[in-house]
Amino acid sequence: MTTILYIITALALAHIIADYYRVWQASYLLKPATTMSIIFLAQYLTWPAFDMFTALVIFALVFSLLGDIFLMLRSDRFLAGLISFFIAHVLYISAFLYAAPLTIHLGLLIGLMLVGSGYLYVVLPKAGQLQIPVVAYGLVLQLMVLSAGSFAMAEGHSSSQYLCLIGALYFIFSDSVLGFSRFVKAWPISHSIVLGSYYLAQTLLVFGLLSPR
């Protein structure tokens, strides 16, 4: 497993560097390769078993890979990427709920509502025709975080399950930076932050969901 983590880290760092220096040919190879290595990690953690729970996680990663491909294209496929990741989050939510019933933790809910409302207040006026998709995506992303929190703190939980909540929070951070840099203001390292937090989020979600408990 250590070797797989080294490969994920090396590919992620290489992609972040290639993206920063706008070496697009390398980016087109490294971005899907990094997500595919995370999919391989998921398969490694569950092999040879393959049940409904595992399938939900794997397909969430597959739709994430599809979203990665749409978002990396130089032509604007932002909406297609948004829809792909929307489906990925629905699959992650389904995996969390398959494993444990949803329990809303009030502190987490209030925190998400406050931060989410402030974020939308800033970003939504700049989103133009994408306002409705952005709101829908934001809601499903917040539900994914709530589901991850419920899974992490379920009765009989293990320490590894907390990785899901941390991963989900990194995911919402990554997407928030992406949305802000697209609609409001970008800065030189904004996409590097997006990519680094995104790869960390996916890896933590896989570990938290699929590690033996």
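These are my notebook entries on aromatic and nonpolar side chains in this structure.

**Entry: the model.** I'm working from a predicted model.

**Entry: ring pairs.** I counted aromatic pairs and got 9. I pulled up Phe53 and Tyr98, which turn out to be stacked, with 6.3 Å centre to centre and 20 degrees between the planes. That angle counts as stacked because the cut-off is under 30 degrees. The two rings come from distant parts of the chain: Phe53 belongs to helix α3 (residues 52-72) and Tyr98 to helix α4 (residues 78-99), 45 residues apart. I also checked cover on Phe53: its relative accessibility is 10%, so I filed it as buried.

**Entry: Phe78 and Phe183.** Here I found ring centres 5.6 Å apart and planes at 90 degrees, so this pair is edge-to-face. It links distant parts of the chain too, with Phe78 in helix α4 and Phe183 in helix α7 (residues 162-183), 105 residues apart. I have both Phe78 and Phe183 down as buried.

What sits over the ring of Phe78? I looked, and it's the charged end of Arg182, 4.1 Å from the ring centre.

**Entry: a cluster.** I traced ring pairs through Phe85, Phe171, Tyr198 and Tyr199, and they join these residues into a cluster.

**Entry: the surface.** Next I went looking for nonpolar side chains on the outside. I found a patch made of Ile17, Tyr20, Tyr21, Val23, Trp187 and Ile189, with about 600 Å² of accessible area together. I picked out Tyr20, which lies in helix α1 (residues 2-20). Is Tyr20 buried, partly exposed or exposed? Its relative accessibility is 39%, so I put it down as partly exposed.

Definitions and conventions. Residues numbered from 1 in each chain as written. Predicted model: local features only at pLDDT ≥ 70, side-chain atom pairs only at ≥ 80, totals over all residues. Heavy atoms only, no water. Patch = residues over 30% accessible without salt bridge, like charges linked within 9 Å, V, L, I, M, F, W, Y side chains within 5 Å. Areas by Shrake-Rupley, 256 points an atom, 1.4 Å probe, with all protein chains shown as cover. Salt bridge = Lys/Arg side-chain N within 4 Å of Asp/Glu carboxyl O. Helix = DSSP H or I, 4+ residues; strand = E, 2+ residues; numbered from the N terminus. Buried < 20%, exposed > 50% of the residue type's maximum accessible area, 1.4 Å probe, protein only. Phe/Tyr/Trp six-rings, centres within 6.5 Å; stacked < 30°, edge-to-face > 60°. Lys NZ or Arg CZ within 6 Å of the ring centre and 35° of its normal.
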